[in-house]
Structure formats: C-alpha cells, structure tokens
Amino acid sequence: MKIFCSREDEHYDYHQEIARSSYADMLHDKDRVFKPMADAAVKIVEENGFSDKIKVINKHSTAVTVGPEGDMPCRANILVTELFDTELIGEGALPSYEHAHRHLVEENCEAVPHRATVYAQLVESRRMWSWNKLFPIRVQTSLGEQIIVPPVDLERCPGAPSVCDIQLNQVSPAEFTVLSDVLPMFSVDFSKQVSSSAACHSRQFEPLASGRAQVVLSWWDIEMDPEGKIKCTMAPFWAHSDPEEMQWRDHWMQCVYFLPQEEPVVQGSACCLVAHHDDYCIWYSLQRTSPENNERVREMRPVCDCQAHLLWNRPRFGEINDQNRTDRYVQALKTVLKPDSVCLCVSDGSLMSMLAHHLGAEQVFTIESSAASHKLMRKIFKANHLEDKISIIEKRPESLTNEDLKGRKVSLLLGEPFFTTSLLPWHNLYFWYVRTTVDQHLGPGAVVMPQAASLHAVVVEFTDLWRIRSPCRDCEGFDMHIMDDMIKHALDFRESREAEPHPLWEYPCRSLSEPWQILAFDFQQLVPLQPLRAEGTVELQRPGQSHAAVLWMEYHLTPECMLSTGLLEPVDPEGGCCWNPHCKQAVYFFSPAPDPRVPLGGPQMVNYVVEFHPDTGDIAMEFRLEDT
C-alpha cells in the first residue's frame, strides 16, 4: 500500500509547511514576542513604512557577522528574541543566547524577554503514567483470569527522552493527585551571559499528600522587562493568577515528564525534586536528599533501552493499557475463536496474539515486520512464558510462505488494526491490503477480524483550534495582510487542503451536524480494483461557526462489536463531543476560514466528495461550506 501519493509539484513541501505552520496562532497570541519568516518580513517592514529603520538579515543568528563589512556595523545593546518551545530550551535557545552574548551584543545589554523561569509540580496520575509504562493486562477466559505482565526491563526503563507536550488544561484535576506545591526550578537571565552546559537544579519540598510520585507537570513564564511587570505565563488554569483571562495557545503548551520509576512519598517527609538539563532537553528525578549528597543523580538524559518506547508512542501506551478496550477485543474474539483455530495476527507491536492464545486458539502466528517490534514482542512473550506458544514471523506480509505457517491454513486473520507508520485514521486500512496479500494462506471459511470498517464525519465549531487557520490581519498595529495572503495562497494549493491529524480530546469543539457515515470497507472481500466514491450534502442542525469537518474510522470487529477511533458516545443535545483519547482524528478545515467578527448568517450545509483510491491507499476529499 502506498499511503502517501507521489508529489509532483516541487513546491509541495513549501506550500504544505506554510499552510499547516500555525503562524497565525502565534500572532494572535497577544503576549508573544515573535520573529516572522524572513521572506515575508521584508515585505511587511516595507508595507508598514519601516524600511529605513529595520534591516532583515536572512540568516541564522550564529552566522551573523559584526563589523564595518558585516551584517551589523556594531554590537547591539538590545537583544530581542523568540527562541522558545513548550519545553523552553528545545529549539536551541541556550546555545543561541550563548553565541549572541559572545559575538553579537554588548555586555550588560537589555534583553526582551528579560528572564524565564521553569516551574514544576509533582503528581500521581494513573492516566498519565499509562502513557509511559505497560500495565498488567487482565484477560477473562473460560479457565479463569490470565494476566499479561510487562518484562522486567520495560518496568525499569526510564522511557523516551522527548518531552510529552499537551494541552494540560484539558486534563481533568480528578485524573491526578497533587503531591507538591508549584516549585520554581530554575531561571535564566537573558540579559547576561547564558551557558548551554549541562546543569541540575534542586528544590526541597514537603509532599502535600502521601502517594506514588510518577509525573512532573512543568511550564514556564517569561518576564519581558527587568522589573517583571510584563509577564507571559504558560501556567495551567489551577496555577494561573487570573484563569478567566488565560490566553489560549497551541505553539506553547505544558510539559509532562515521567520519573524514571515511580517513588513512594509520605506527606510531610522532605524530598528533593531535581531538574536536569543539557543544551536542548530537560528531565527530572526525585531524591531523598540534596543532589550533592546523593550518588543517584541522573546526569545523562534518559534513553529507552527496552525497545517499547521506540515502537510505541505515548498515546499507543495509553491505548494498550486501556482495559475496557482490551475487554471489547476479548468479547469479540470469544465469538469467532474455535478450539482448532489457526490465528494469524497482523498489527505492529500488538498484544492481540496473546489474547488469541489465552482464549484457546490452537496455533497463533504474529507478523512483526520490523526488527524493533520483533525484539520487543519476543521479550514480552518470554516474560509471560509464551515464547514457545506464539510464533513470530519477522518479514513483510507479502513475503509470507506456507513454510512460515508450518503448512497450516489460517482460519482467523486478526488485526487491531494498528501500524506505526499511520498518521491519519484511514492509514490503518493497510490491514485490508495485508488481508488481500495473504488471501492464498486463508483456509475455506476463514474469518477476518475486524470484519469491516467505515469512515465517518461530523461538522464542528472549535472553541480555540480555529485560531491556527484564522487570518492575523493586524498585530500590535502592524498590517500583516502580506503574511495572510501568503498563507491563503498556500491553502489554495491542492495538497494543503488535505485533512490533518489532531488529538481532539485536547481541543474542545461542538458538533453542528449529526455524525454520518461516508464510506464502508468490507474486509471479508479483497481490496477492489476500482475507487470507492461518496458524495452528498449534509445540513447543519445547530447554529455556530462552521470551522471544519472531523473524520475518523470505526472498526466492526463482529456484527455486534464496534470500536471507534473518533466519537465514543452520541453527540449530546448541545453538540458536545467525547473523543477517543488514544487516537488522532482527521481535521479538514473549511477554506476560507470563517471570520469570527462576521455575524452568523442563515442555515448552512456542507457538500462533500470523498474518494478512496485503491492503487495508493489514500483518500481524497473536498468539503465545501455553503448557505442553504
């Protein structure tokens, strides 16, 4: 299956990058200091009458030269920058500041922003911890309960080195227990020489409650002036000084860090939280005494050594740990498995083969195409004493032979389906192509699970996500129509009108239409030679700004059992939506973006054309918003 079509236009990446860059979101952020793209900056400076006062240097700052023949005639006495990401230092702020102070600015210069402070709060959270560790998984069988346990090295692994950045305001306070006050961990004064060398900063605290320390929630604020009168904070609502006036942002969010291991803490018994950083990353550890007296301080950034964090991302960990989801698969498997079933499992790093074994399949094979997934699954099987019970086939499905299956015909082809290369919901239709490829190995009357899939959509109004596509027009008195026009041109490019993935549990929205099914895919049959096409009109049922169509897949494991990657419950009367928290949904923004300043008109409808191309495995679509 060729999930991504060949791109013939040499400017494709340019258009797509601009269209999906969220630059407008940054400019709508009234607290933010920003540096527009250089090619638009020159025109904007000229349009606003500052060509004689502002010189745009189209270089990385470390390549800027100073002197009579250089880019700057002399060192600057004011340093204005925006080099930050959600983690503060992840885009190279520290080495860039370090270089600027050494080569580009005067000693004791003024800096805007002047200072940044990183804050942390220790919590216990089963939900967030499930994004980092594999929990025991319970399987109810006719012989009693079986428990799938994680390998020891997976339990001991410190996890992935990258930060988990999310819209923390969308995590309910009921889903974590606060174990510490908000702790200021360290500050950086940008007006003085900055060091990018590795360092650690500790803060002693007394736990507010007894519990298991698992997760560090972290964010930062910046003070624009030396007195700290002008401040921009990323604090979540419970730590914000004025929650009613919070600025929504998608370019800067909050960080979730996982401790290397969960640690018990006792209310009132002093501990030390340690923030470590190198030039690009931050990580945390919990110590019983100050770091200088403790040999356990982790000076190197955490690196996964168990394979699981390389194969499964955070949402995938959460998905595998979802016991309710596992129970649905168990329920479906019980209706199709027989004592003589020969089962072939096809999904990347999936535990489905273990479910099939525990539920009584006679023989179980699982295809693991990558060396990483093969190694991880072998490790998990061994930890559960199943290394001799489940056969791992390390090859691509199209290379499968009768010898790989030990001369047996498959009676149950099983998939979640899940594949690590999938970005959009329908990319997991790769399972259909696998089913077609291995058809010769299926016995008479073989069952395929899931038996079918369907593509669904709903028209929504976003609370905030619309801002990433909204024109900027004016920013602090500067006319920004040139950048707006550039983005609009990029959006008019065909490839930029494709849907893009977003985890909608982080981005509240309300439904303006009823959900509807667009296409159906029958996995009992082979992939068709001709495209599947659907077109129609959907009338909106609720008033509001129509921002986008949201699409997702539903998998019909059996006629009675369905799993959704999108809406988990019917839309409520006001249009409230409950989204699958483990999956990204596909968002197709309407073009042009609705203008929130324009009063709502009369009833609207959406015309759509959606076509599945079996030669590429991709889905082309167009949604148009029109007045009725």
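# Briefing: sheets, a helix and salt bridges

An open sheet of 3 strands runs in the order β9-β13-β14, and its pairing is antiparallel. The structure is a predicted model. In the UniProt record, an unreviewed entry, the feature "domain: Protein arginine N-methyltransferase" is placed at residues 114-287 and 452-627. The points below cover three sheet regions, one helix and a selection of salt bridges.

**Residues 114-287 and the sheet β9-β13-β14**

- Residues 114-287, one of the two stretches that UniProt gives for the domain feature, are 46% strand and 5% helix. The C-alpha atoms at the two ends of this stretch lie 31 Å apart.
- In the antiparallel sheet β9-β13-β14, the edge strands are β9 (199-205) and β14 (282-287), each of which pairs on one side only.
- With direction ignored, neighbouring strands of the sheet are turned against each other by 20 degrees on average.
- Strand β13 covers residues 271-277 and is joined to β14 by 6 bridges, the two strands running antiparallel.
- Within this pairing, His276 of β13 is opposite Trp283 in β14.
- Strands of a sheet pair through backbone hydrogen bonds, in either a parallel or an antiparallel manner.

**The parallel sheet β17-β16-β15-β18-β19**

- An open sheet of 5 strands has the order β17-β16-β15-β18-β19, with parallel pairing.
- The edges are β17 (390-393) and β19 (442-449); each has a single partner strand, so one side of each has no neighbour in the sheet.
- From one strand to the next, the twist averages 20 degrees.
- Strands β15 (residues 342-346) and β16 (residues 363-367) run parallel and are joined by 5 bridges.
- Cys345 has Thr366 in β16 as its bridge partner.

**Strand β27 and its partners**

- Strand β27 spans residues 548-558, and 10 of its 11 residues are buried, which leaves the strand mostly covered.
- Strand β20 (residues 452-462) runs antiparallel to β27, with 9 bridges between them. In this pair, Leu455 is opposite Met553 in β27.
- Strand β29 (residues 585-589) is joined to β27 by 4 bridges, again in an antiparallel arrangement. Here Tyr588 in β29 is the bridge partner of Ala549.
- Strand β28 (residues 561-564) is antiparallel to β27 and connected to it by 4 bridges. His556 faces Met562 of β28 in this pairing.
- β27 and β28 make up a hairpin, with 2 residues between the strands.
- In a regular strand, side chains alternate between the two faces of the sheet.

**Helix α9**

- Helix α9 (residues 323-336) contains 14 residues, and its first and last C-alpha atoms are 20 Å apart. That span is close to the 20 Å expected at 1.5 Å a residue.
- The N-terminal end of α9 is capped by Asp322, which has a side-chain oxygen 3.1 Å from the backbone nitrogen of Asn324.
- Buried residues in the helix are Arg325, Thr326, Tyr329, Val330, Ala332, Leu333 and Val336.
- An α-helix has 3.6 residues a turn, so residues three or four places apart point the same way.

**Salt bridges**

- The whole structure contains 28 salt bridges.
- One of them joins the side chains of Asp71 and Lys59, with an N to O distance of 2.8 Å. Asp71 and Lys59 are 12 residues apart, and each is placed in the loop between α3 (38-47) and β1 (76-80).
- Asp71 has a relative accessibility of 16%, and because the cut-off for buried is under 20%, Asp71 counts as buried. Its partner Lys59 has a relative accessible area of 40% and is therefore partly exposed.
- Arg396 and Glu398 form a salt bridge in which the closest N and O atoms are 2.8 Å apart. Arg396 is partly exposed at a relative accessible area of 43%, and Glu398 counts as partly exposed at 47%.
- A network of salt bridges that share partners joins Arg316, Glu319, Arg325 and Glu416.
- Within that network, Arg325 and Glu319 pair with their closest N and O atoms 3.7 Å apart.
- Arg325 and Glu319 are both buried, and Arg325 is also among the buried residues of α9.

Key: Residues numbered from 1 in each chain as written. Predicted model: local features only at pLDDT ≥ 70, side-chain atom pairs only at ≥ 80, totals over all residues. Heavy atoms only, no water. UniProt positions renumbered as here; feature names shortened; annotations may be inferred. Pairing = 2+ DSSP bridges. Axes fitted to C-alpha atoms, helices over the stretch in contact; angles between N-to-C directions. Salt bridge = Lys/Arg side-chain N within 4 Å of Asp/Glu carboxyl O. Buried < 20%, exposed > 50% of the residue type's maximum accessible area, 1.4 Å probe, protein only. Expected span 1.5 Å × (residues − 1). Polar contact = N/O pair within 3.5 Å; in protein donor to acceptor, adjacent residues only side chain to side chain.
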